[in-house]
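Okay, can everyone see the screen? I'll put the model up and then walk you through the side chains.

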Amino acid sequence: MKNKKILFFILILLVLILIITFFYLNTYKNSKIVNNIDKSNIKEYILNISSYEAKATITVKSNKNTNKYIVKQQYNSNKVFKQEILEPENIKGLITIYDGNNLKIENTKLNLSNIYENYQFISNNVLDLYAFLENYKNSSNAEYEENDTQIVMKLKNDNLNNYNIFQNLYIDKNTALPTKMEIIDKNQNTLVYIEYNEISFNTTSREEILAFSLENIESNI
């Protein structure tokens, strides 16, 4: 009995050591990444990311109601994009995958999918951070503001001029990471509000994004 108690405490101690080590390494890694960024040039760093992965809360407003979604987004500079809806429950598992040429929308609950070939998706997706950055780099309507705590990158979306859509991306200067994006109309009414709960850069490969089921979807059609 005594040996069992000793073994139990040893296991608890090992678990605690592993947890502490994980958080230490994770904190060290994140701080090292931030410290390696030229704080005076965060804007250029953001504009030149090669990939991102984010968990975000998206609030969409209309004249009649407000809808909120929690999504996971992944993007690679090979123009590969994936978005999965995590909440609300009634559309949980709805996945959008763009492979650089074709757009696939899958409902994992119903095992259904639609394919849109030769879809010019990347420049028109206002919910995608990378689309914003690409449009920002190529636009004559891009602006930039900065204060002690944050950077704001402002853009009149050239691809949606008929709708007078403006986008504002807010970046924390301490972490060099986006915190939120606002999509507003010409009257400064917020149409979409995106809060980045978790986000990381330059770690997501094309293969990782497409590994989900580009082949599996086709086999199920």
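I'll go from the overall fold to the rings, then the charges, then a few backbone oddities.

First, the ground rules. This is a predicted model, so local features need pLDDT of at least 70 and side-chain atom pairs count only at pLDDT 80 or more, while totals for chains, interfaces and linings use all residues. Residues are numbered from 1 along each chain as its sequence is written, and side-chain values use heavy atoms, with hydrogens and water left out.

Right, the fold. The protein chain has five helices and eleven strands; those are DSSP runs, helices being H or I with at least four residues and strands E with at least two, numbered from the N terminus. Of its 221 residues, 35% count as buried. Buried here is under 20% relative accessible area, exposed is over 50%, and partly exposed is in between, with a 1.4 Å probe and protein chains only. Taking contacts between residues at least 6 apart in sequence, 41% join residues at least 24 apart, where contact means heavy atoms within 4.5 Å.

Now the rings. How many aromatic pairs does the structure hold? There are four. The rule is that rings of Phe, Tyr and Trp (its six-membered ring) pair if their centres lie within 6.5 Å; planes under 30 degrees apart are stacked, over 60 edge-to-face, and the rest tilted. One of them is tyrosine 75 with tyrosine 130, a stacked pair at 4.2 Å centre to centre with 25° between the planes. Tyrosine 75 sits in strand E2 (residues 66-76) and tyrosine 130 in helix H3 (residues 129-138), so this pair ties together parts 55 residues apart in sequence. Both tyrosine 75 and tyrosine 130 are buried. Add Tyr52, and Tyr52, Tyr75 and Tyr130 make up one aromatic cluster.

Staying with H3, phenylalanine 132 and tyrosine 136 have ring centres 5.9 Å apart and planes at 40°, so that pair is tilted. They are four residues apart in the helix, which is about one helical turn, and both phenylalanine 132 and tyrosine 136 are buried. In fact H3 is mostly covered, with seven of its ten residues buried; among them are Leu129, Ala131 and Leu133. At the start of H3, a side-chain oxygen of aspartate 128 comes to within 3.1 Å of the backbone nitrogen of tyrosine 130.

H3 has a charged pair as well. Lysine 137 and glutamate 134 meet in a salt bridge at 2.9 Å, N to O; that term needs a side-chain nitrogen of Lys or Arg within 4 Å of a carboxyl oxygen of Asp or Glu. They are three residues apart, again about one helical turn. Lysine 137 is partly exposed at 38% relative accessibility, and glutamate 134 is partly exposed at 27%.

The salt-bridge count comes to four. Another one is lysine 72 with glutamate 53, at 3.6 Å, N to O. That pair links strand E2 to strand E1 (residues 51-61), 19 residues apart. Then there's glutamate 146 with lysine 173 at 2.7 Å, N to O, joining strand E7 (residues 142-146) to the loop between E9 and E10, 27 residues apart.

Two lysines also meet rings. The charged end of lysine 43 sits over the ring of tyrosine 144, 4.8 Å from its centre, and that of lysine 180 sits over the ring of tyrosine 170 at 4.5 Å. "Over" means NZ of Lys or CZ of Arg within 6 Å of the ring centre and within 35 degrees of the ring normal.

So what does aspartate 185 reach with its side chain? The backbone nitrogen of asparagine 189, at 2.8 Å. Aspartate 185 is in the loop between strand E10 (177-184) and strand E11 (190-201). This aspartate is buried yet has no salt bridge, and the nearest side chain of opposite charge, lysine 186, is 8.5 Å away. For that search, Lys and Arg count as positive and Asp and Glu as negative, with His and the chain ends not counted. Beyond neighbours within four places in sequence, aspartate 185 contacts Asn164, Phe166 and Leu191.

Last, the backbone. Glutamate 87 and proline 88 are joined by a cis peptide bond, omega about 5°, and proline 88 is in the loop between strand E3 (80-87) and strand E4 (94-98). Alanine 176 has a positive phi of about 60° although it isn't a glycine, and counts as buried at 0% relative accessibility. Glutamine 188 also has a positive phi, near 70°, but counts as exposed at 56%.

Note on methods:
Polar contact = N/O pair within 3.5 Å; in protein donor to acceptor, adjacent residues only side chain to side chain.
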